[in-house]
Amino acid sequence: KFKKIKKKRPLIVHYPHSPVGHQKYTGVQSKVKLSGDLLLLGRKEDISFFSNVINKKKIKPVGIPRFDKYWIDKNFLKNNNGFDLGESLRELKKRFVITIAYDSKYESKRLNNNFDKLFDTQLEEIMSVILKIPNALIIFKLHPRRNSERFRKILNKYDKNIWKVSKMHLIQLANISDCFLSASGSGSSYEALKFRVPSIQYWPIIGADVKKNININLGLIKEAKDKDELLKFINLSKDKKNKLWKSQQENFRSNYPNLGNSSSKVIKVIKEAQKILNNQKEVR
């Protein structure tokens, strides 16, 4: 005989793939309906963006759990098995290390080949700036989906002593960097902000990059409109006490006030939701 088994429904928790905030444009909201019990967000200001797809009471701002110290230490900084730069940390400390979270959009199905020359020119201009920074090393970290290898044809024109391509996690790279570059609208700059590394966005290509950029609007990243501004901001990044970078840090912490204790916040709201779910079962 088969015994009747009471199945317990699991608590369903939604969590966006990125902590990047959402613009407060009238009428613009998420279009994906969510049927779970909880939606965890990085900041409270994003609740309105999702309020049409899930009950507002189920939306809880918790911060960014992966930025809690114990998580970073355990999973990234105390585990150097993935260190692939070919230089010791001691040697790297002698260099001015710039990490670029690079979107290599060559061969993109969404874009046609007319953009390839624009991508070439953009990368050549970025490299022309790096050549002017004494003792600089630029580390390329490719986007997991926008990662065509065709960008190497440009890099191969330059001395291999000034550039590297890494598969290390952005947290590891941010931890050893003096400056951080990213594409328009990228969430990768948050890793840099966590480690108090000056964060700069290089200029977008019209038609290939996002136009609306909340990171700029929130003051989380400094936009370089061309190679001259990029050079200026990189040189300014040598002074971490500059008001530009202090302002970045203040804005980051005001938008994400739970930094450092986000995991405990997550545990608390999940326990509360689980209790509500169990009480509903008892009533039924």
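Modeller: A residue counts as buried under 20% relative accessible area, as exposed over 50%, and as partly exposed in between. Please keep in mind throughout that this is a predicted model.

Biologist: How should that scale be applied to Ile216: is the residue buried, partly exposed or exposed?

Modeller: Ile216 has a relative accessible area of 27%, so the residue is partly exposed. Ile216 is placed in helix H8. Residues up to four places away in sequence aside, Ile216 touches Gln201, Ile221 and Glu223. The C-alpha atoms of Ile216 and Leu39 are separated by 25 Å, and these two residues are 177 residues apart along the chain.

Biologist: Where does Ile206 lie, and what is its relative accessible area?

Modeller: Ile206 belongs to the loop between strand E8 (199-201) and helix H8 (214-217). The relative accessible area of Ile206 is 77%, and the residue is therefore exposed. Between the C-alpha atoms of Ile206 and Pro61 there are 33 Å, with their positions 145 residues apart along the chain.

Biologist: Which class of the scale holds Asp120, and which residues does Asp120 touch?

Modeller: The relative accessibility of Asp120 is 13%, so this residue counts as buried. Asp120 lies in helix H4. With residues up to four places away in sequence left out, Asp120 touches Tyr106, Lys153 and Ile154. Here, to touch is to have heavy atoms within 4.5 Å.

Biologist: What can be said of Phe83, regarding its place and its contacts?

Modeller: Phe83 is part of the loop between helix H2 (69-77) and helix H3 (89-92). Its relative accessible area is 24%, and Phe83 is therefore partly exposed. Neighbours within four places in sequence are again set aside: the contacts of Phe83 are then Leu89, Leu92 and Met168. As for separation, the C-alpha atoms of Phe83 and Ala273 lie 40 Å apart, while the two residues are 190 residues apart along the chain.

Biologist: Let us turn to the backbone. What is the phi of Glu107, and what is the phi of Asn135?

Modeller: Glu107 is not a glycine, yet its phi is positive, at about 65 degrees. Asn135, likewise a residue other than glycine, has a positive phi near 60 degrees. Glu107 is found in the loop between strand E4 (96-104) and H4, whereas Asn135 is in the loop between H4 and strand E5 (136-147).

Biologist: Are these two residues buried, partly exposed or exposed?

Modeller: Glu107 has a relative accessible area of 53%, so it is exposed. Asn135 has a relative accessibility of 44% and therefore counts as partly exposed.

Biologist: Helix H4 has now been named several times. At what angle do the axes of H4 and H9 cross, and is the crossing left-handed or right-handed?

Modeller: The axes of helix H4 (residues 116-130) and helix H9 (residues 227-236) cross at roughly 35 degrees and come within 9 Å. Their crossing is right-handed. On the side of H4, the contact is made by Glu125, Ile126, Ser128, Val129 and Ile130; on the side of H9, by Lys227, Leu230, Leu231 and Ile234.

Biologist: How many helices and strands does the chain have, and what percentage of its residues is buried?

Modeller: The chain has eleven helices and nine strands. Of its 284 residues, 47% are buried. The C-alpha atoms fill a box of roughly 70 × 50 × 45 Å along the principal axes.

Biologist: How should one read contacts between residues that are separated in sequence?

Modeller: One takes the contacts between residues at least 6 apart in sequence, and asks what part of them joins residues at least 24 apart; in this chain that part is 67%.

Biologist: Finally, what area does the chain expose, and how many positive and negative side chains does the chain have?

Modeller: About 16,600 Å² is exposed by the chain, and carbon and sulfur atoms supply 52% of that area. The chain has 59 positive and 27 negative side chains. The centres of these two sets lie 11 Å apart.

Notes:
Residues numbered from 1 in each chain as written. Predicted model: local features only at pLDDT ≥ 70, side-chain atom pairs only at ≥ 80, totals over all residues. Heavy atoms only, no water. Helix = DSSP H or I, 4+ residues; strand = E, 2+ residues; numbered from the N terminus. Buried < 20%, exposed > 50% of the residue type's maximum accessible area, 1.4 Å probe, protein only. Areas by Shrake-Rupley, 256 points an atom, 1.4 Å probe, with all protein chains shown as cover. Lys, Arg positive; Asp, Glu negative; His and termini not counted. Charge placed at Lys NZ, Arg CZ, Asp CG, Glu CD. Axes fitted to C-alpha atoms, helices over the stretch in contact; angles between N-to-C directions. Left-handed = near helix turned anticlockwise from the far one by under 90°.
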